[in-house]
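Here's a short tour for anyone meeting this structure from scratch. Have a look at the picture first, and then we'll walk through a few of its details.

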Amino acid sequence: MMHEEAAPRPKPKWGLVIHGGAGVISRENLSPEREAAVRAALAQSLQAGHAVLARGGSSLDAVSAAIHVMEDSPYFNAGKGAVFNHDGVNELDAAIMDGRTRAAGAVAGVRHIRNPIDLARMVMEKSPHVMMVGDGAEAFARSQGMEWVDPKYFYTEERWQSLQRALEKERETQPSAPASSLTPGLDPVTGDHKFGTVGAVALDASGNLAAGTSTGGMTNKRFGRVGDSPVIGAGTYADPRCAVSATGHGEFFIRYTVARDICARVEYQGLPLAEAAHVVVNDVLVKAGGEGGVIAMDHQGNVTMPFNSSGMYRGVIGEDGVPHVAIFQE
């Protein structure tokens, strides 16, 4: 008896989408030189992730590679370009999640790790835990032989001056304000309010999704504040059908479990990815007063990048290897 061969399954689309932060990013305050440098860094990040996917690498490896580039750049608030907290210290957070297995790893408040996304992945793959913070996370890093860097590595004059301006503005306008009323993150000179998180979402040739996010937090933050980036389901989430990385006012993204909410709407309501993300970013968050945006991809390779702020550094690359980057509502 002859058996017909099953028709070959079409190769899944594969690709990568990234963000480098959202917020009040104005054309007036972004010089042509700065804009060109940011666009070049975004393109480099996309190409790094694409190189992994093109050789059959995993979505996890592609996410890590793309985020590495942005963590190593002074133009983004993650890794090398991290902002300073109220005490003049850089504290970094990151998370990564494997959509195929829902395994996840996250770190918060680390001060000596060049690429926090690597430590987050190490937590996922080398420990039974999901999140480690502060001294404990760094002790784990050392136990795994991870490179340790001097905090001076994270110093950039631009970020230092942003803190000085924020502190001066605080002294002028809020000399006796309670700590609960202070608003970190706003640059009092430019008026720009940036949520400088970086993130990546990838779909590999095997049809597996992954998401990762990394950040230096908010300028002038204090009291060990941690935002949404390392919180699974808030700033970072991936499952077999949907993956999201967010950037924005973290307190709102945590309260409204933004990343998971988008994927839940895809899963439970059967909404197309773009519609689910639009509802959460431009309806739920706007009504709550939350500012920011997300990048998201589904298992079919559909991509969406909605944001409710004036700008979001973002980019996408597909199988053709051509990077597409944008900043404003383009």
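Which residue forms a salt bridge with Arg-121?

## A pair within one helix

The partner is Glu-125, and the closest N and O atoms of the two side chains are 2.9 Å apart. Keep in mind that this is a predicted model. Both residues sit in helix α3, 4 residues apart, or about one turn of the helix. An α-helix has 3.6 residues a turn, so residues three or four places apart point the same way.

The two partners differ in how much they are covered. Arg-121 counts as buried because its relative accessible area, 16%, is under the 20% cut-off. Glu-125, at 45%, is partly exposed.

## A pair that links two loops

By the same kind of rule, the count for the model comes to 14 salt bridges. Another of them joins the side chains of Arg-114 and Glu-147, with 3.0 Å from N to O. Arg-114 is in the loop between β3 (104-110) and α3 (116-126), while Glu-147 is in the loop between α4 (134-143) and α5 (157-173), so this pair ties together parts that are 33 residues apart in sequence.

Both ends are partly exposed: Arg-114 has a relative accessible area of 26%, and Glu-147 comes in at 48%.

## A small network

Next up is Arg-241, whose side chain meets that of Glu-267 in a salt bridge (3.7 Å, N to O). Arg-241 lies in the loop between β8 (236-238) and β9 (242-248), and Glu-267 belongs to helix α7 (residues 258-269), so the pair ties together parts 26 residues apart in sequence.

Arg-241 is partly exposed at 32% relative accessibility, and Glu-267 is partly exposed too, at 28%. They also have company: Asp-239, Arg-241, Arg-260 and Glu-267 are linked in a network of salt bridges.

## Helix α8, kink and all

Now for helix α8, which covers residues 273-288. With 16 residues at 1.5 Å each, it should span 22 Å, and its end C-alpha atoms are 21 Å apart, which agrees. There is still a kink of about 25° in α8, centred on Val-280.

Val-280 is also one of the buried residues of α8, alongside Leu-273, Ala-276, Ala-277, Val-281, Val-284 and Leu-285. What do these buried residues pack against? Their neighbours are β9, α6 (250-255), α7, β10 (292-298) and β11 (303-304). Just after the helix, Gly-289 takes a positive phi of about 95°.

Terms used: Residues numbered from 1 in each chain as written. Predicted model: local features only at pLDDT ≥ 70, side-chain atom pairs only at ≥ 80, totals over all residues. Heavy atoms only, no water. Salt bridge = Lys/Arg side-chain N within 4 Å of Asp/Glu carboxyl O. Helix = DSSP H or I, 4+ residues; strand = E, 2+ residues; numbered from the N terminus. Buried < 20%, exposed > 50% of the residue type's maximum accessible area, 1.4 Å probe, protein only. Expected span 1.5 Å × (residues − 1). Bend = angle between axes of the 7 residues up to and from the residue. Contact = heavy atoms within 4.5 Å.
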